[in-house]
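I opened the model to look up a few helices, some single residues and the interior. My entries follow in the order in which I made them.

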Amino acid sequence: MKIDAIYLRELNLPLVRPFQTSFGTTRDRRVVLAEIHSEGLIGWGECTAGEHPHFSEESVDSCWQVIVEELGPMLAASSPENGGQCPRIFGLVRGNRMAKATLENAIWDLEAQRKGISLSQLLGGVRDVIPCGVSIGIQSSISELLDVIGREVAAGYQRIKLKCKPGWDVEVFERVRDRFPDITLSCDANSAYRLKDADHLASFDQFDLLMVEQPLWYDDFYYHSMLQKRLSTAICLDESIRNRRDALAAIEMESCRIINIKLGRVGGFSEALAVHNAAFERGIPVWCGGMLESGIGRSHNIALSTLENYSLPGDVSASRRYWAEDIIEPEVTVSAQGEISIPDSPGRGYEVRIDLVERLTVRKHEIRAHALVG
């Protein structure tokens, strides 16, 4: 496909309510979008990097710079046949997976549109609906948390994930289990603990959790392997899994029993498919993690979650949980059964509200073949 132009945008999107993790509290999202024009079609990608390099080494500003100075010109000067060629096109640039995913995912969107099929079909999806869970941030009090959980359970969500950290864990789980003994419950530590906390983490077993997500270091397999031997509860790795090789290493070392796949973290659809397939072949279930995406990134997560091994509810929830007004139409909605129906229109399946995107854009950059136009 011939790339006519790449438009990079930064939007400012205020969250409906603050979202707190062990990293800190997010109230507004700086969202970077890639809008790729090719032969009359437009593909969209979203950068999932945070405002600060806390979840990963990347941030909104580092991704913007790398796309403008390196990846964007590389892509604009090429004519990829499909999204799977993007890793080769970007091969000279090491790391910067979230920046790469921003562009690669837009190419997959374009490819699906060109073929007249949905993005989920292009990826090899097998589901017409996907089960949904929610991720609930740290609240100001346990009573407030219980109220939030009650609302999400009433809305039909099939799994509740609680952000946790030292001092916000065991007492919280006790109160939650007392109030909601039968819900599917998991927790996410975002690397907030250390191996010296192994006895404390082992006490989580009493709460019948689906998983404990990334309890130790963000780049570790070895100590997670040691910890998993101490826990009856499955460890799920998130930040540690950057690619297929990482997934294979973690599985071989028995560092986890579940893997979270995030499109940005692994560098885009190509590597996400490779991680999914490696885990599937070895009997390790996967699920799709969220990064407070707008509707564009959310639509990509929905398509990814239709693959066969996405057997656990992911963090793909309704637009209204995060945004008073999303930048896609229709907005993502979740049924009373806690499911999202998969669109079958060509590409990502949701239209971008260009008027709203333009209104929310705070900076914009155009990239054409062999030229940079600011």
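**Entry 1: helix α12 and the largest cavity**

I started with α12, which is mostly covered, 10 of its 10 residues being buried. I listed them as G295, I296, G297, R298, S299, H300, N301, I302, A303 and L304. I note here that the model is a predicted one.

I then searched the whole structure for cavities and got 3 of 30 Å³ or more. The largest cavity has a volume of about 80 Å³. Which helix gives the largest share of the lining of this cavity? I found that α12 does, with 3 residues. At least two lining residues each come from α3 (97-115), α10 (263-266) and α12 (295-304). I wrote down the lining as E46, T48, A101, N105, K262, L263, G264, E293, G297, H300 and N301.

**Entry 2: G45**

I went next to G45, which sits in strand β3 (residues 41-47). G45 has a relative accessible area of 0% and is buried. I asked which residues G45 is in contact with, leaving aside its neighbours within four places in sequence. They are V32, L33, A34, T102, A106, I296 and H300. Two of these contacts, I296 and H300, are among the buried residues of α12, and H300 also lines the largest cavity. I also took a distance to R177: 132 residues separate it from G45 in sequence, and the C-alpha atoms are 39 Å apart.

**Entry 3: helix α6**

R177 led me to α6 (residues 170-179), where V170, V172, F173, V176 and R177 are buried. Why do I place them on the same side of α6? They cover an arc of only 155 degrees around the axis, so they share that side. The exposed residues E171 and D178 are on the face of α6 turned away from the buried side. I checked what covers the buried residues, and the list includes α5 (142-154), β6 (159-163), β7 (185-188) and α7 (198-202).

**Entry 4: the nonpolar cores**

I looked up the largest nonpolar core and found 88 residues in it. L162, V176 and I259 have the most contacts inside that core. I followed V176, which is also one of the buried residues of α6. Neighbours within four places in sequence aside, V176 is in contact with L145, L146, I149, L162, I183 and L185. There is a second, separate core of 31 residues, which includes V32, A76, M98 and L103. I had already met V32 as a contact of G45.

**Entry 5: helix α9**

I then took α9 (residues 244-252), in which D246, A247, A250 and I251 are buried. Down the axis of α9 these buried residues fall within an arc of 130 degrees, so they line one face of the helix. R245 and E252, on the other side of α9, are exposed. The buried residues of α9 pack against β9 (235-237), β10 (258-261) and α11 (269-281).

I looked at both ends of α9. N243 caps the N-terminal end, with a side-chain oxygen 3.2 Å from the backbone nitrogen of R245. E254, just after α9, takes a positive phi of about 55 degrees.

**Entry 6: S38, R114 and F280**

I finished with three single residues. Is S38 buried or exposed? S38 is buried, at 1% relative accessible area. S38 lies in strand β2 (residues 24-38) and touches M1, K2, D4 and L110, not counting residues up to four places away in sequence.

R114 is in helix α3 and is partly exposed, with a relative accessible area of 45%. By the same sequence rule, R114 touches M1, E39, L41 and E81. M1 is thus a contact that I recorded for both S38 and R114. R114 and R175 are 61 residues apart along the chain, and I got 52 Å between their C-alpha atoms.

F280 has its place in helix α11, one of the elements against which the buried residues of α9 pack. F280 counts as partly exposed at 37% relative accessibility. With neighbours within four places in sequence left aside, F280 is in contact with E308 and N309. I closed the page with a C-alpha separation of 27 Å between F280 and K115, which are 165 residues apart along the chain.

Technical notes
Residues numbered from 1 in each chain as written. Predicted model: local features only at pLDDT ≥ 70, side-chain atom pairs only at ≥ 80, totals over all residues. Heavy atoms only, no water. Buried < 20%, exposed > 50% of the residue type's maximum accessible area, 1.4 Å probe, protein only. Helix = DSSP H or I, 4+ residues; strand = E, 2+ residues; numbered from the N terminus. Arc of directions from axis to C-beta. Contact = heavy atoms within 4.5 Å. Polar contact = N/O pair within 3.5 Å; in protein donor to acceptor, adjacent residues only side chain to side chain. Core = buried A, V, L, I, M, F, W, Y, C linked by side-chain atoms within 4.5 Å. 1 Å grid on protein atoms, 1.4 Å probe; cavity = no way out; pocket = protein on both sides within 12 Å on 5 of 7 lines; lining within 4 Å. Points joined across faces, edges and corners; volume = space filled by probe spheres on them.
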